[in-house]
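Biologist: Could you take me through one part of this model in some detail? I would like to follow a single strand and its surroundings, step by step.

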Amino acid sequence: QVHPVESGGGLAQAGGSLKLSCVETGHAFTSYTTGWFRQAPGKDREFVAAVSFNGQNTYYADSVKGRFAISKDRNKNTVYLEMNELKSEDAGIYYCAGSKSPLYDPRMKNEGDFTGWGQGTQVTVSG
């Protein structure tokens with residue numbers, strides 16, 4: 001199974017910014033919805049944001065709406081997650097994955113709606 005590769009995580013101060021990248025490979029990722037999820041220690045993996053295969057439609061978790069922006073560069077097969085105004089509760093391992101369904105549906109926010117998880121990239125927020 002093909003898995004994406006996440007990068008861009010690191011340490012940021014509260015109120016700061018980070019930009020994550022998810023390099024997609026394989027037909028499914030380039031044709032389906034891509035989602036970002038995160039998992040804090042001791043917590044379940046939770047939905048953060050998703051973008052349609054063509055990059056034209058996006059949706060977000062309420063907790064990040066207005067602070068995070070997801071985008072897609074189809075030429076580079078890369079999905080980005082720009083994170084601004086970081087808070088301590090944004091810390092965790094961030095993963096990207098492709099939707100199981102080829103249909104765009106902003107109700108897809110469950111971990112089970114996605115497949116082909118990458119290794120993740122760690123985000124730490126201090127202060």
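Modeller: Happy to, and please keep in mind that this is a predicted model. Let's begin with the hairpin that S4 and S5 form, which has 6 residues between the two strands. In its turn sits Gly-42, with a positive phi of about 80°. The two arms, S4 and S5 (residues 46–51), run antiparallel and are joined by 5 bridges. If you want one pair to look at, take Arg-38, whose bridge partner in S5 is Glu-46.

Now look at how S4 is placed. Strand S4 covers residues 34–39, and 5 of its 6 residues are buried, so the rest of the structure largely encloses this strand. The cut-off behind that word is a relative accessible area under 20%.

S4 also pairs with strand S9 (residues 92–99): 6 bridges join them, and the two run antiparallel. Here Phe-37 is a handy landmark, standing opposite Tyr-95 in S9. As a reminder, strands of a sheet pair through backbone hydrogen bonds, either parallel or antiparallel.

Following S9 brings us to the disulfide. A search of the whole structure finds 1 disulfide, formed by Cys-22 and Cys-96 with their sulfur atoms 2.1 Å apart. This pair links distant parts of the chain, since Cys-22 belongs to strand S3 (residues 18–23) and Cys-96 to strand S9, 74 residues apart. The torsion about the S-S bond is about 75°, so the disulfide is right-handed. What about the surface? Cys-22 counts as buried because its relative accessibility is 0%, and Cys-96 is buried as well, with a relative accessible area of 0%.

Through Cys-22 we have arrived at S3, which belongs to an open sheet of 4 strands in the order S1-S3-S8-S7, with antiparallel pairing. Strand S1 (5–7) and strand S7 (68–73) stand at the edges with a single partner strand each, so one side of each has no neighbour in the sheet. On average, neighbouring strands of this sheet are turned by 15° against each other, direction ignored. At the S7 edge, 6 bridges join S7 to strand S8 (residues 78–83), and these two run antiparallel. A pair to find on your screen is Ala-69 with its bridge partner in S8, Glu-82.

For a contrast with the buried cysteines, finish at Gly-127, in the segment after strand S11 (121–126). Gly-127 counts as exposed, because its relative accessibility is 97%. Its C-alpha atom is separated by 13 Å from that of Ser-17, a residue 110 residues apart from Gly-127 along the chain.

Definitions and conventions
Residues are numbered from 1 along each chain as its sequence is written. This is a predicted model: local features need pLDDT of at least 70, side-chain atom pairs count only at pLDDT 80 or more; totals for chains, interfaces and linings use all residues. Side-chain values use heavy atoms; hydrogens and water are left out. Buried means under 20% relative accessible area, exposed over 50%, partly exposed in between (1.4 Å probe, protein chains only). Two strands pair if DSSP finds at least two bridges between them. A disulfide is a pair of cysteine sulfur atoms within 2.5 Å. Axes are lines fitted to C-alpha atoms, for helices over the stretch in contact, and angles run from 0 to 180 degrees between N-to-C directions.
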